[in-house]
Amino acid sequence: VLRFPYKTNELNTAVLAGTTKLETVTGAAIGGDGKELLLRTYTGIFYWKRNNGESAEVALQREAVSIPPALEPQGEAIAFKTDLKGFYTLSENGGLPLTLRLNYYARN
């Protein structure tokens, strides 16, 4: 965990705040309003909405909503859209001759 506000003129030190039951987490995102969390693995996308006053560490201990990902060769990156109306994923190609696609998941 890196605590806000972040330092801009010196080193920020991350502190281990806990662990997750998920294996091989390849990407993570927090919504611009701080209320939503996404974790990405090679085979899944997992979503949490934080309760008022709840830390991300506590939220991640609850059961996630599982979102089926688009078929990607090596799912790595995840990020919320700035208006929070959805999120994006992107893969690495692992040296394969593939054209990679930026996938968009609109909010239901």
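Which helix does A59 lie in? A59 lies in helix α1, which covers residues 56–59. This is a predicted model.

**The sheet**

Four strands make an open sheet, ordered β1-β2-β3-β4, with antiparallel pairing. β1 (25–30) and β4 (65–67) are the edge strands, and each pairs on one side only. From one strand to the next, the twist averages 20°. Strands of a sheet pair through backbone hydrogen bonds.

β1 pairs with β2 in the antiparallel sense, over 5 bridges. The two strands form a hairpin with 5 residues between them. In that turn, G34 has a positive phi of about 80°. β2 (residues 36–41) also pairs with β3 (residues 45–49), again antiparallel and over 5 bridges. This second hairpin has 3 residues between its strands.

Some facing residues involving β2 are listed here.

| Residue | Opposite residue |
|---|---|
| V25 | T41 in β2 |
| E36 | K49 in β3 |
| R40 | I45 in β3 |

**Strand β2**

How many residues of β2 are buried? The count is 6 of the 6, so β2 is largely enclosed by the rest of the structure. E36, L38 and R40 point one way from the strand. L37, L39 and T41 point the other way.

**A59 and its contacts**

A59 has 0% relative accessibility and therefore counts as buried. Leaving out residues up to four places away in sequence, A59 touches L37, W48, R50 and E54. L37 belongs to the β2 group that includes L39 and T41. L37 and A59 are 22 residues apart along the chain, yet their C-alpha atoms are separated by 8.6 Å.

**E76: a buried charge**

E76 sits in strand β5 (residues 75–80). Is E76 buried or exposed? E76 is buried, and it has no salt bridge. The nearest side chain of opposite charge is R40, 8.2 Å away. A salt bridge needs a side-chain nitrogen of Lys or Arg within 4 Å of a carboxyl oxygen of Asp or Glu. E76 still touches R40. Its other contacts, not counting residues up to four places away in sequence, are T26, G27, Y42, L90, S91 and E92.

**N103**

N103 is placed in strand β7 (residues 103–106). Its relative accessibility is 6%, so N103 counts as buried. Beyond residues up to four places away in sequence, N103 touches A70, E72, F87, Y88 and T89.

Notes
Residues numbered from 1 in each chain as written. Predicted model: local features only at pLDDT ≥ 70, side-chain atom pairs only at ≥ 80, totals over all residues. Heavy atoms only, no water. Buried < 20%, exposed > 50% of the residue type's maximum accessible area, 1.4 Å probe, protein only. Lys, Arg positive; Asp, Glu negative; His and termini not counted. Contact = heavy atoms within 4.5 Å. Pairing = 2+ DSSP bridges. Axes fitted to C-alpha atoms, helices over the stretch in contact; angles between N-to-C directions.
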